[in-house]
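This report describes internal cavities, salt bridges and a surface patch of a single protein chain.

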Amino acid sequence: MPSSPTSVHWLSLVGSVWLQTINGPNSDFPVYSSELKTVKGISQVQLNFLAFASDAGKLFGWFAGVAALYVPLWLVAVVGAAFGLVGYGVQFLFLDSPRLAYWHLFALTSLAGNGICWINTVCYLLCINNFPSDSRVAVSLATSYLGLSAKFYTTMEDTLKGLRYSQAKKYLLLNAVVPMLVTLLVVPSLRVVKPGSGKRTDFGFFAMFAITLATGACAVRGSIGSKSLGVSSKEHLISLYVMLAVPILIPVALRVRESMAKIRAAANKRVHRVHDLGENGMCWLNKEIEVGTNVKEEEEEVKEAGSVEHGGQEELGGLGLLRRLDFWMYFFSYMFSGTLGLVFLNNLGQIADSRGLGDPSTLVSLSSSFGFLGRLLPAFLDYYTAKSGYSISRTASMASLMAPMAGAFFLLMDPRDMLLYTSTAVIGTCTGAITSVAVSATSELFGTKNFGVNHNVLVANIPVGSLCFGYLAGFLYQREARGGNRCVGAACYRDTFLLWGLTCAVGTALCAALYARSGKRSGANKGPEVSGSAGV
């Protein structure tokens, strides 16, 4: 049986959770995009290019994977936070100045977007290396909190009404300062630790699932109308802070239990030596040897569990990755689903404005809360299927999540507000789940050895898709505006939703074909073993 993660391992997971919570500063862009459009006097197409700029930084996200091979993970995280501090901080200081040109905004937003990749890389590597037997569950748990970023920032901004800054400057200030402060707070926990030698327990995961579900319920409650329930924004923020802080109790409780176990072991050892010195001395020595052997066996089982989890998958990286048809099927199926969902979320502010909704933060908060729950769903499935001895294909999971997304885009063509909120919740949930599953899918398809570089190469589809789909949406919006900068009515995005729905349907078909290909390959690899032939 694999060994149980120690308190130090769980501390690293809590640090990853906190980093993921604040590592989506670009997710609040839809809330202040309309104001930014007015302040800088830019068109809808230019505004969509700014949304693309944040994703464009991911084109160089593979630098983070390379850096993680040579420098400590805490330093990688600090570099990422520093990029965000500069990128958003300069925009905050000079937003109202005419000297801050459009190309300055683009470059600074790209720099901040690249910083997100650095922090994500740290979180992924910590979860994979510190939880080798449950890496999928740990990654899904940590990345689920990234879906909470928009909710976190919009709730925090609600408490800053006293500041005399505009809404856009408030968000830029939060985006610049909060990630750096949290990163410096969790630096001591950002390290890879050898597996523990104790007997495996499920206490940590059970507690983490319960806390995460409660956090999701708190977020959804605030999104669907905390004021109607008699809860002020400040009270809701405090409750959200408390729920985000509660996971630290898990490593604290485990640390206390480990300390008590050491005290009991030391006491028993002293008593054992007193009674067994003499004729039973050799028996005591045999017990010590047996314990040491068991510890070694448990460490070997951990290593075997890590290799079995990936089923002997061929390790790919660099040019070998780009030569594989599977990679390009995976690349475009992700771009036509998860990336498309992110582009939709980036346009929520303008969609809400075109529908006549006064405050876009409600839609953004709703999508964030359901995105959080969507990211959490794979963690539940991974954990309980692993306990029952089964494993769900990541590509099959992604294909099943893309289909309802396509349907939601078609529903958005209807002008009713209820369908707008419903479709936003569906797309937020599916987008969150797909982005969470994709992390494990990368290692499932191409191995774990070059994961840091491979996944950052994959997410290069995000800026490509953001550019294509964002430009399409801006062009069609501008066409409906008939020469103006503002379009009103459901027709502003009707053609866009139709094309996005068709694109997502194509992505579903691509991912289903990829699942069929990987399934056949797995069956072929298992065939010789069953027949008794030599292994592949």
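A salt bridge is counted here when a side-chain nitrogen of Lys or Arg lies within 4 Å of a carboxyl oxygen of Asp or Glu. The model is predicted, and it holds seven such salt bridges. Three of the pairs are listed below with their N to O distances.

| Pair | Closest N and O atoms |
|---|---|
| D326 and R517 | 2.7 Å |
| R486 and D353 | 3.1 Å |
| K169 and D96 | 4.0 Å |

The side chains of R486 and D353 meet at 3.1 Å, N to O. R486 is placed in the loop between α21 (461-481) and α22, and D353 in helix α16 (residues 348-354), so this salt bridge ties together parts that are 133 residues apart in sequence. R486 has a relative accessible area of 51% and is therefore exposed. Salt bridges with shared partners also join R479, E480 and D495 into one network.

In the salt bridge between D326 and R517, the closest N and O atoms are 2.7 Å apart. This pair links distant parts of the chain, since D326 belongs to helix α15 and R517 to helix α22 (residues 494-531), 191 residues apart. D326 is buried, at 1% relative accessible area, while R517 is partly exposed, at 35%.

K169 pairs with D96 at 4.0 Å between the closest N and O atoms. K169 sits in helix α9 (residues 167-186) and D96 in the loop between α5 and α6, so the contact ties together parts that are 73 residues apart in sequence. K169 is buried, with 11% relative accessibility, whereas D96 is exposed, with 55%.

Turning to the interior, the structure contains seven cavities of 30 Å³ or more. The largest has a volume of about 660 Å³. Its lining comprises 36 residues, and N26, L146, L342, R375 and T435 are those nearest its centre. By type, the lining of the largest cavity divides into 14 nonpolar, 19 polar and three charged residues. Helices α6 (102-130), α15 (325-346), α17 (361-387), α19 (417-446) and α20 (451-458) each contribute at least two residues to this lining.

The second largest cavity has a volume of about 120 Å³. Among its lining residues are N26, F29, Y32, Y88, Q91 and N346. The lining of the second largest cavity consists of seven nonpolar and five polar residues, with no charged ones. At least two lining residues come from each of α2 (29-40), α3 (44-56), α5 (73-94) and α6.

On the surface, L59, F60, W62, F63 and V464 make a nonpolar patch of about 450 Å². F63 lies in helix α4 (residues 62-67) and is partly exposed, at 41% relative accessibility.

Notes: Residues numbered from 1 in each chain as written. Predicted model: local features only at pLDDT ≥ 70, side-chain atom pairs only at ≥ 80, totals over all residues. Heavy atoms only, no water. Patch = residues over 30% accessible without salt bridge, like charges linked within 9 Å, V, L, I, M, F, W, Y side chains within 5 Å. Areas by Shrake-Rupley, 256 points an atom, 1.4 Å probe, with all protein chains shown as cover. Helix = DSSP H or I, 4+ residues; strand = E, 2+ residues; numbered from the N terminus. Buried < 20%, exposed > 50% of the residue type's maximum accessible area, 1.4 Å probe, protein only. 1 Å grid on protein atoms, 1.4 Å probe; cavity = no way out; pocket = protein on both sides within 12 Å on 5 of 7 lines; lining within 4 Å. Points joined across faces, edges and corners; volume = space filled by probe spheres on them. Nonpolar A, V, L, I, M, F, W, Y, C, P; charged D, E, K, R; others polar.
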